[in-house]
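Please look at the sequence and the 3D structure below. A short report on domains, charged pairs and selected residues goes with them.

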Amino acid sequence: QRIYAHEEVYEAFVGKFAEAAKQLKVGDPFDPETYISAMITKRETERIAEWVEETKNSEAEIAAGGNLTNGVFEPTIITNAHHELNVSCSEAFAPIVVVNKISSVEEAVAEVNHSKFGLQAGIYTENITHALYAAKHLHVGGVIINDVPTYRVDHMPYGGVKESGTGREGLKYAVEEMTELKLIVWNQN
């Protein structure tokens, strides 16, 4: 839910990203063309509406969305959101993303690590030094290079650190989780 874009591409990225978000069809979940529909409960929708209102009352800006129409929250892109805003420091589970400007990979890593959560992170780069720096210094359960952080296949270990949980999902890890080890020592004299 947080994206850090380098200052050299930030404006262009936000513009194209906002335009793409506005093209997503919002509405009836039974319509195969629908991409965004109602959240799981009215209470959750109200929570996100409060978070967006908090954002509107800060220095942050809304590049796209931010509106609730007929119980459906529009895909929302928020920029310039500081650490203390709920959209920056808590898990939304909503069609919201924060995009902030950074000037270096070190700054981006520090921003990601500032969170109490640490599931997975993705870094897009052609610079192997930046990729390796991120892989080494990001305090998350997994680092995906040149793809989205939700990338996974069943045999990969998937899980987080900090308040994003303990342990890993995946076939091998699920079997280990459901297996109780027992030690038997048999000395024959």
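The report starts with the two domains and then turns to salt bridges and single residues.

## Model and domains

This is a predicted model. The domain assignment splits the protein chain into domain 1 (1-101) and domain 2 (104-188). Their centres, taken over C-alpha atoms, are 25 Å apart.

## The interface between the domains

Eight residues of domain 1 make contact with ten residues of domain 2. Between them, the two domains bury about 730 Å². Carbon and sulfur atoms carry 54% of that area. Which three residues supply the most on the domain 1 side? Arg2, Tyr4 and His83 do, with 58% of the area that domain 1 buries against domain 2. No other three residues supply more.

How many salt bridges are there between domain 1 and domain 2? The count is zero. Polar contacts are present, however: four residue pairs across the interface meet the rule, both residues at pLDDT 80 or more. On the domain 1 side, strand 1 (residues 2-6) gives the largest share of the touching residues, namely three. By class, the side of domain 1 that touches domain 2 has two nonpolar, three polar and three charged residues.

## Salt bridges in helix 2

Side chains of opposite charge can pair when their charged atoms come close. The structure holds six salt bridges. One of them joins the side chains of lysine 42 and glutamate 46, at 3.9 Å from N to O. The cut-off is 4 Å, so this pair, at 3.9 Å, counts as a salt bridge. Both residues lie in helix 2, four residues apart. That spacing is about one turn of the helix.

Are these two partners buried, partly exposed or exposed? Lysine 42 counts as exposed because its relative accessibility is 64%. Glutamate 46 has a relative accessible area of 39%, so it is partly exposed. Helix 2 itself covers residues 42-56. Glutamate 46 can also be placed against phenylalanine 73: the two are 27 residues apart in sequence and 9.6 Å apart in space, C-alpha to C-alpha.

## Salt bridges in and before helix 6

Arginine 152 and glutamate 169 form another salt bridge, with the closest N and O atoms 3.2 Å apart. Arginine 152 sits in the loop between strand 9 (142-145) and strand 10 (161-162). Glutamate 169 sits in the loop between strand 10 and helix 6 (171-177). The pair therefore ties together parts that are 17 residues apart in sequence. Arginine 152, at 32% relative accessibility, counts as partly exposed. Glutamate 169 is also partly exposed, at 44%.

Lysine 172 and glutamate 176 form a salt bridge too. Their closest N and O atoms are 3.5 Å apart. They are four residues apart in helix 6, so about one helical turn separates them. Glutamate 176 is partly exposed, with a relative accessible area of 45%. Elsewhere, salt bridges that share partners join Arg43, Glu44 and Arg47 into one network.

## Threonine 125

Threonine 125 is in the loop between strand 8 (120-123) and helix 5 (128-137). Is this residue buried or exposed? Threonine 125 counts as buried because its relative accessibility is 18%, and the limit for buried is under 20%.

What lies 2.9 Å from a polar atom of the threonine 125 side chain? The backbone nitrogen of asparagine 127 does. Leaving aside neighbours within four places in sequence, threonine 125 is in contact with His130, Ala131 and Asn146.

## Serine 90

Serine 90 belongs to the loop between helix 3 (86-89) and strand 6 (96-102). Serine 90 counts as buried because its relative accessibility is 15%.

Which residues does serine 90 contact, leaving aside its neighbours within four places in sequence? They are Gln1, Trp51 and Phe117.

Note on methods
Residues are numbered from 1 along each chain as its sequence is written. This is a predicted model: local features need pLDDT of at least 70, side-chain atom pairs count only at pLDDT 80 or more; totals for chains, interfaces and linings use all residues. Side-chain values use heavy atoms; hydrogens and water are left out. Domain bounds come from an automatic or database domain assignment. Contact means heavy atoms within 4.5 Å. Buried area is the accessible area (1.4 Å probe) that two parts lose on being put together, summed over both. A polar contact is a pair of N or O atoms within 3.5 Å; within protein, one must be able to donate a hydrogen and the other to accept it, and residues adjacent in sequence count only if both atoms are side-chain atoms. Helices (H or I, at least four residues) and strands (E, at least two) are DSSP runs, numbered from the N terminus. Ala, Val, Leu, Ile, Met, Phe, Trp, Tyr, Cys and Pro count as nonpolar, Asp, Glu, Lys and Arg as charged, and the others, Gly among them, as polar. Buried means under 20% relative accessible area, exposed over 50%, partly exposed in between (1.4 Å probe, protein chains only).
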